[in-house]
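Let's walk through this structure together, one question at a time. Have the sequence and the 3D view open as you read.

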Amino acid sequence: MQFYQQGFHPGDPKITDPADRVIAPPLKHPLPSEVDVMIVGCGPAGLNLAAQLSKFASISTCIVEQKDDRLLVGQADGIACRTMEMFEAYDFADQIKQEAYWVNETAFWKPNTEQPEQIARSSKIQDVEDDLSEMPHVIINQARVHDAFLDVMRHGPGKVVPHYSRQLLNLEVDPTVTDYPVTLTFERLDSQHLGVIETVKAKYVVGCDGARSTVRKSIGRELVGDSINQGWGVMDVLAVTDFPDIRLKSAIHSSNEGNMLIIPREGGYMVRLYIELDKLKNNERLSKQSITTDYLIAAANRIMHPYSIEVKEIAWWSVYEIGQRLTTAFDDAEDGRLPHVFLAGDACHTHSPKAGQGLNTSVNDTWNLGWKLAHVLTGRANSELLQSYSFERQTVAQQLIDFDREFSKMFSAKPKSATNPDGVDPTAFQQYFVQFGRFTAGTAIHYPQSDLVSSGQHQGLATGQTIGMRFHSAKVTRHADAKPVHLGHSMKADGRWHILAFAGEQNFMSDTCKVKALCEFLQNNPSSPIQRFTPKDADIDAIINVQAVFQVPHREIEVADIHSLLQPSKGCHGLKDYEKVYSALCEENSFYDKRGIDKRNGCIIIVRPDQYVADVLPLDDQDGLTSFFEKVLLNIAS
């Protein structure tokens, strides 16, 4: 899609007249007096959590925001591949892909060896390695992602709508109270109710309220870290330039004028410029008042020489300091007391924006937390499950801080030369960029062993689906309608677990077929996790969704031969679900070949509600399957 030709206008670009993109301001409803989950902050972390919880009609969720309306222009606009996979679970990835700029290549520029005062291109590389993800790395206005989350929230069974113009004044936790232990006090900021105080009692609170988080301060946590005393300016501009790579992500190192990062934006015309400013002195703070847009544009032209850029319109700009900080804890848990208040996003970790990890890490925080809160609040799991949030995400945040510190240091350094032998070789920066490509794509997250992640005893049965990492999707052919689909796209943001049965070499649904035996156990044996953990009045796949992949072509599978667990009757009319059986044969290489599935023996892969692989087991390891779910779920079948 191309848009912004007539200037920058926020909102849905498919609506021609910008005036028609305006959405009516939200209604000013009072806050509820009691709520299961109170989310403070309508940034990407908070909206993602609200979107997940909106899938549960029985959970009362409230989200508040200090601003008076939804976001129109965002700052965190880079969407990693893993985040796009998450968006697919909400069914709005295609919408984002259509509007967004796709980052396919990255260009690297360094001082011209013959004329060091000028820059020259050193190389172009593929931005994301082949088969890392079925999703692209994209750039889009953060506000469009917010709008997509808001749609999910509003239309979900829980019908969650933000309460704007609320400032959190105080938060207190009373550990002696069992039902609603957290009390929050808000002040209304809208003109019609200015100064009105509201009090809400909550079972759980999640602070998604940014780097100056009131929630974090209320529970006595601090952001700890440092700054590298480097200031940067950032601008989203509509411009005319002779720089040849203006529509490619470009890292530019000049000899003496500083460095710059170019990020093309959606619509085909706009571009973001990250422009290095002068190094700050120790304890010196960057003052936006001392930096003007003219100053930033002049700096960009000096860095780009011999090329130039003429800015026609500035959609947004800001200045910032580079710093990496991590909170001392991600929740309020203490010895002997389980958590009731959680932190997510910038409230618990801050870093530079150039690696595009801010939004992506934030939404992955609440992607991890959301299903766990839902499990506890719907009675599927004990509240001890919530301890795993900090255990899993704090390690990831520390890895991000460490990566960002080195990345920012290398990017901000002057190029190595005869006059600057201590500088950074631009080639070394490029190598670092490639080396950590999986990390920046969001696909390198590896959760440690716990009740939610097994020790990996049977990892050899599925070498391409690493236990503790996200399920790596690939195409299969759905039997019922012969449609090529991504297997991972069947895992939606609905809080369900997934048992994926990959058949071995036995004949399809024969007496020796281990998938058939597994289905028989799961459906009929009283000790099976489906029998024990699925409510009697719920669909059989309401808690654990079972699907099967076979090595035979889809045309050799007959509907009449498929086990009834894989064709369950669901809903008020008892309609049959035909979308649980697949053939691994779809593209040139089968799913088994691409993801290292043992063709002879097959396997079971247990996938968590957040799409991370929890365990790999032999097809006939019914005891192992039962043992895993016993550690996580509660018996609510009665």
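Q: In this predicted model, what is the handedness of the crossing where helix 1 passes helix 4?
A: The model is a predicted one. A crossing counts as left-handed if the near helix is turned anticlockwise from the far one by less than a right angle. For helix 1 passing helix 4, the crossing is left-handed.

Q: Which residues of helix 1 and helix 4 make the contact?
A: Look first at helix 4, which contributes Gln142, His146, Phe149, Leu150, Val152 and Met153. From helix 1, the contact is made by Pro44, Leu47, Asn48, Ala50 and Ala51.

Q: How many residues of this contact between helix 1 and helix 4 are nonpolar, and how many polar or charged?
A: Ala, Val, Leu, Met, Phe and Pro are among the residues that count as nonpolar. The contact of helix 1 with helix 4 has no charged residues, three polar and eight nonpolar.

Q: Are helix 1 and helix 4 roughly parallel or roughly antiparallel?
A: Helix 1 (residues 44-53) and helix 4 (residues 142-155) have axes 8 Å apart and pack at an angle of about 20°. Angles under 35 degrees count as roughly parallel. Helix 1 and helix 4 are therefore roughly parallel.

Q: How many of the residues of helix 1 are buried?
A: Buried means under 20% relative accessible area. Helix 1 is largely enclosed by the rest of the structure, and its buried residues pack against strand 1, strand 2, helix 2, helix 4, strand 10 and helix 7. The buried count for helix 1 is ten of the ten.

Q: Which residues do ring pairs link into a cluster?
A: Searching the whole structure gives 23 aromatic pairs. Phe149, which also belongs to the helix 4 side of the contact with helix 1, is one of the cluster residues. The cluster is made up of Phe87, Tyr90, Phe92, Phe149 and Trp367.

Q: Why is the pair of Trp497 and Phe628 edge-to-face?
A: Planes over 60 degrees apart count as edge-to-face. The ring centres of Trp497 and Phe628 lie 5.7 Å apart. Their planes stand at 70°, so the pair is edge-to-face.

Q: How many residues apart are Trp497 and Phe628, and which elements hold them?
A: Trp497 is buried, with a relative accessible area of 0%, and Phe628 is buried too, at 5%. The pair links distant parts of the chain, with Trp497 in strand 20 and Phe628 in helix 14. Trp497 and Phe628 are 131 residues apart.

Technical notes:
Residues are numbered from 1 along each chain as its sequence is written. This is a predicted model: local features need pLDDT of at least 70, side-chain atom pairs count only at pLDDT 80 or more; totals for chains, interfaces and linings use all residues. Side-chain values use heavy atoms; hydrogens and water are left out. Axes are lines fitted to C-alpha atoms, for helices over the stretch in contact, and angles run from 0 to 180 degrees between N-to-C directions. Helices (H or I, at least four residues) and strands (E, at least two) are DSSP runs, numbered from the N terminus. Angles under 35 degrees count as roughly parallel, over 145 as roughly antiparallel, 65 to 115 as roughly perpendicular and the rest as oblique. Contact means heavy atoms within 4.5 Å. Rings of Phe, Tyr and Trp (its six-membered ring) pair if their centres lie within 6.5 Å; planes under 30 degrees apart count as stacked, over 60 as edge-to-face and the rest as tilted. Buried means under 20% relative accessible area, exposed over 50%, partly exposed in between (1.4 Å probe, protein chains only).
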